[in-house]
Amino acid sequence: MPRLTTGRATTIAVLLATVALGVALRLIPWWRGADRDLLSDPAFHLRMTRAVSERWRLPVVDSLASAPVGREVGRWLPTGLYWAAGSFHRVAAVIDRRDLETHARVFVALAGALIALPVYGAARALDWGRAAALVAALVAVTLPAHLHRSFGYWFRYEPLGTLLIATHVAFSLAALAVTTRRAARAASVGAAVALVASLAVWRVALMLPVLEIAFVLLYGL
C-alpha cells in the first residue's frame with residue numbers, strides 16, 4: 001500500500017478545503033435567509049425528487065406543470081437528477097432527520113463544489129504542476145457563472161450535470177495521458193460511465209459526442 005507522502009497529504013487537504021469553501025459559498029444565501037423559495041422549475045424538480053424519495057418511482061405525468069395538460073416527465077426530460085437527489089435525501093434523512101428541501105439545497109451546493117476534483121484531475125492529466133492544478137480547482141469552484149448556477153436555492157440540472165461532464169473530460173484526458181494499457185482502460189471506463197451519467201441528468205451533455213468526434217478528427221491529423 002503506497003505511503004501518503006507530505007505532498008499528497010497537503011494536496012488532499014487543500015482539495016477538501018476547496019470543496020468546503022465551495023459548499024459554504026453556495027449555502028450563504030440560505031444561511032442569511034436571503035434565498036428565494038424553490039419556485040417554477042426548481043419546484044418541479046423538487047416534486048419529482050420527493051416522488052422518488054417517498055415512493056421510489058416517478059409519475060408518468062406531472063399535473064402541476066405545463067397546465068392544463070401536465071408534463072410527461074420521462075418523455076421529454078432526463079430524470080437522473082431526481083434519482084440522485086432522492087437517494088441523497090433518503091440517506092441524509094437517516095442521519096439528521098432534516099426535510100427534503102434542506103437536503104436539496106445541500107445536494108446542489110455539494111455537486112457544484114465537487115467540480116474541484118475533476119478539474120484538478122484534468123489539469124494534472126494535462127501535465128500541469130500540482131500548484132497550478134490546485135489553483136485551477138479553486139477557480140472552477142469560485143467561477144461566478146458556475147457559482148450562480150449552483151447556489152443552494154437553484155435546484156436544477158446544472159450543478160450535477162456540470163460535475164459529471166467535468167468528470168468525463170478528466171477521465172478522457174487521463175486515458176490519453178497514461179502510459180500503461182491497464183490504466184488507459186480504467187480511465188476509459190470511468191469516462192464512459194461519467195458520460196452515460198451526464199446524459200441521464202442533463203440534455204446539454206448531448207453536445208459532448210459531437211465535440212469529441214471533432215476533437216478525435218483533429219487529433220488524428
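Which hand does the crossing of helix 6 and helix 9 have, left-handed or right-handed? The close-ups below get there after a look at the whole chain.

**Figure 1. The whole protein chain, a predicted model.** Residues are numbered from 1 along each chain as its sequence is written, and side-chain values use heavy atoms, with hydrogens and water left out. In this predicted model, local features need pLDDT of at least 70 and side-chain atom pairs count only at pLDDT 80 or more, while totals for chains, interfaces and linings use all residues. You'll find eleven helices and two strands here (DSSP runs numbered from the N terminus: H or I of at least four residues for helices, E of at least two for strands). Starting at the N terminus, the order is α-α-β-β-α-α-α-α-α-α-α-α-α. The C-alpha atoms fit a box of roughly 55 × 40 × 35 Å along the principal axes.

**Figure 2. How confident the predictor is.** The chain's average pLDDT (the predictor's confidence in each residue, from 0 to 100) is 90, and 94% of the residues score at least 70. Of the elements, helix 3 (residues 73–76) has the lowest mean, 78, and helix 6 (residues 116–125) has the highest, 97. Where pLDDT is low, the predicted coordinates should not be read in detail.

**Figure 3. Helix 6 against helix 9.** Their axes (lines fitted to C-alpha atoms, for helices over the stretch in contact, with angles from 0 to 180 degrees between N-to-C directions) come within 8 Å and cross at roughly 20°. That makes the two roughly parallel (angles under 35 degrees; over 145 is roughly antiparallel, 65 to 115 roughly perpendicular and the rest oblique). And the opening question? The crossing of helix 6 and helix 9 is left-handed (the near helix is turned anticlockwise from the far one by less than a right angle; clockwise is right-handed). Contact (heavy atoms within 4.5 Å) involves P118, G121, A122 and A125 of helix 6, plus residues of helix 9 including L163, A166 and A170.

**Figure 4. Helix 9 (residues 158–177) against helix 10 (residues 181–199).** These axes also come within 8 Å, but cross at roughly 160°, so the pair is roughly antiparallel. This crossing is left-handed. Among the residues that meet are H168 and F171 in helix 9 and A187 and G190 in helix 10. The contact has eleven nonpolar, six polar and no charged residues (nonpolar: Ala, Val, Leu, Ile, Met, Phe, Trp, Tyr, Cys and Pro; charged: Asp, Glu, Lys and Arg; polar: the others, Gly among them).

**Figure 5. Helix 1 (residues 6–31) beside helix 7 (residues 130–142).** Here the axes lie 9 Å apart at an angle of about 10°, so helix 1 is roughly parallel to helix 7. Look for R8, L15 and R26 on helix 1, and R130 and L138 on helix 7, among the residues making the contact. By class, that contact splits into eight nonpolar, five polar and three charged residues.
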